[in-house]
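This report describes a single protein chain from its overall make-up down to individual side-chain contacts. The sequence and the structure come first, and the description follows.

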Amino acid sequence: MPRNYRLPMYNRQSPAIRCLNFVCASILTLILIAGIILFVLWLSLRPHRPKFTLTDFSIPSLNRQSGAANLPVKFTVNEHNPNQKIGIHFGYVYGSLYHDDDLIASGRFADPFFQVPKGDTPVVGVLTASGPTPTDQAWPRFAAEVGAGSVPLRLVLNSTVLFQVRLWDTREHHMKVDCEFKVGGDGSLMQQYKNEPCTLYL
């Protein structure tokens, strides 16, 4: 008695479904390509942080017996923009000078400026010291360090930065630059700290 064999059934997708799958695959491919392009652009246009070095510092007549009050605090910090295609806008620059945790001088010393790509700008400042004086608690240690010819100081700069990428600008960021160094008994920057890199917080 002959047996009945059934032919296998094949599930064939309709043209509409095949078309939909093709469209979805094309969209995913375009999204992937666009993502790769955006990532490459981001790497090429990603802003690099500026670099700061202390090039000069002095407090003339620091070793006078009456203390450091009203003495001029002179300094130069070099700013370098390492970006090839990105400029940097800096806001007003404020400076603060510390001996240990005691504030010696502070104030605004520089107006806003623009730094071109791969450029350098010497940021020159002059502040007026408010101390220490012989009546201050910190005076004995300060006077001893001046007499020994090695006075540790810390210069802190504060400003705002805004990166200019071609025709658009990034949002404004707060910037803090911290320079630690020592001066001799005459108030001039010790040679080993000349062109010392400063720490940037951005």
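## Overall make-up

The protein chain contains 2 helices and 12 strands, where helices (H or I, at least four residues) and strands (E, at least two) are DSSP runs numbered from the N terminus. Read from the N terminus on, the elements follow the order α-β-β-β-β-β-β-β-α-β-β-β-β-β. This is a predicted model, in which local features need pLDDT of at least 70 and side-chain atom pairs count only at pLDDT 80 or more, while totals for chains, interfaces and linings use all residues. Residues are numbered from 1 along each chain as its sequence is written, and side-chain values use heavy atoms, with hydrogens and water left out.

Of the 202 residues in the protein chain, 36% count as buried; buried means under 20% relative accessible area, exposed over 50%, and partly exposed in between, with a 1.4 Å probe and protein chains only. The accessible surface of the protein chain comes to about 13,000 Å², and carbon and sulfur atoms account for 57% of this surface; accessible areas come from the Shrake-Rupley method with a 1.4 Å probe, and for residues only the protein chains shown count as cover. Among contacts (heavy atoms within 4.5 Å) between residues at least 6 apart in sequence, 68% join residues at least 24 apart.

## The open sheet

An open sheet is formed by 4 strands in the order 7-2-1-11, with antiparallel pairing; two strands pair if DSSP finds at least two bridges between them. Strand 7 (120–128) and strand 11 are the edge strands, each of them pairing on one side only. Strand 1 (residues 51–58) is joined to strand 2 (residues 72–80) by 7 bridges, whereas strand 1 and strand 11 (residues 196–197) pair over 2 bridges.

Individual positions show how strand 1 is placed: leucine 54 stands opposite valine 77 in strand 2 and opposite glutamate 196 in strand 11, while serine 58 stands opposite lysine 74 in strand 2.

## The nonpolar core

The largest nonpolar core has 42 residues, of which Phe57, Val73, Phe75, Leu97, Leu153, Leu155 and Phe181 touch the most other members. Strand 8 (residues 151–165) gives the most to this core, with 7 residues. A nonpolar core is here a set of buried Ala, Val, Leu, Ile, Met, Phe, Trp, Tyr and Cys residues joined through side-chain atoms within 4.5 Å. In soluble globular proteins, nonpolar side chains tend to be buried together.

Phenylalanine 75 lies in strand 2 and counts as buried because its relative accessible area is 3%. Its C-alpha atom is separated by 4.1 Å from that of phenylalanine 57, although the two are 18 residues apart along the chain. When residues up to four places away in sequence are not counted, phenylalanine 75 touches residues including Phe57, Phe109, Val123, Leu127, Leu155 and Leu157. With neighbours within four places in sequence left aside, phenylalanine 181 is in contact with, among them, Leu54, Phe57, Leu97, Leu153, Arg154 and Leu155.

## A buried loop residue and a surface patch

Asparagine 81 is found in the loop between strand 2 and strand 3 (86–90), and it counts as buried because its relative accessibility is 0%. Apart from residues up to four places away in sequence, asparagine 81 touches Ile86, Gly87, Ile88, Gln115, Val116, Pro117, Lys118 and Gly119.

On the surface, Phe22, Val23, Ile27, Leu28 and Ile31 form a nonpolar patch with about 510 Å² of accessible area together. Such patches are made of residues with over 30% relative accessible area and no salt bridge, like charges being joined within 9 Å and nonpolar side chains (Val, Leu, Ile, Met, Phe, Trp, Tyr) within 5 Å. Leucine 28, found in helix 1 (residues 15–45), is exposed, with a relative accessible area of 59%.

## Salt bridges

The structure holds 3 salt bridges, a salt bridge being a side-chain nitrogen of Lys or Arg within 4 Å of a carboxyl oxygen of Asp or Glu. Asp100, Arg141 and Glu145 are linked in a network. In this network, arginine 141 forms a salt bridge with aspartate 100, the closest N and O atoms being 3.3 Å apart. Arginine 141 lies in helix 2 (residues 139–148) and aspartate 100 in the loop between strand 4 (93–99) and strand 5 (102–110), so the pair ties together parts that are 41 residues apart in sequence. Arginine 141 also meets glutamate 145 in a salt bridge (3.4 Å, N to O), and these two residues, 4 apart in helix 2, are separated by about one helical turn. Arginine 141 is exposed at 52% relative accessibility, whereas glutamate 145 is buried at 13%.

Arginine 154 forms a salt bridge with aspartate 178, with the closest N and O atoms 3.0 Å apart. Because arginine 154 lies in strand 8 and aspartate 178 in strand 10 (residues 173–183), this pair ties together parts that are 24 residues apart in sequence. Arginine 154 is partly exposed, with a relative accessible area of 21%, and aspartate 178 counts as buried at 9% relative accessibility.
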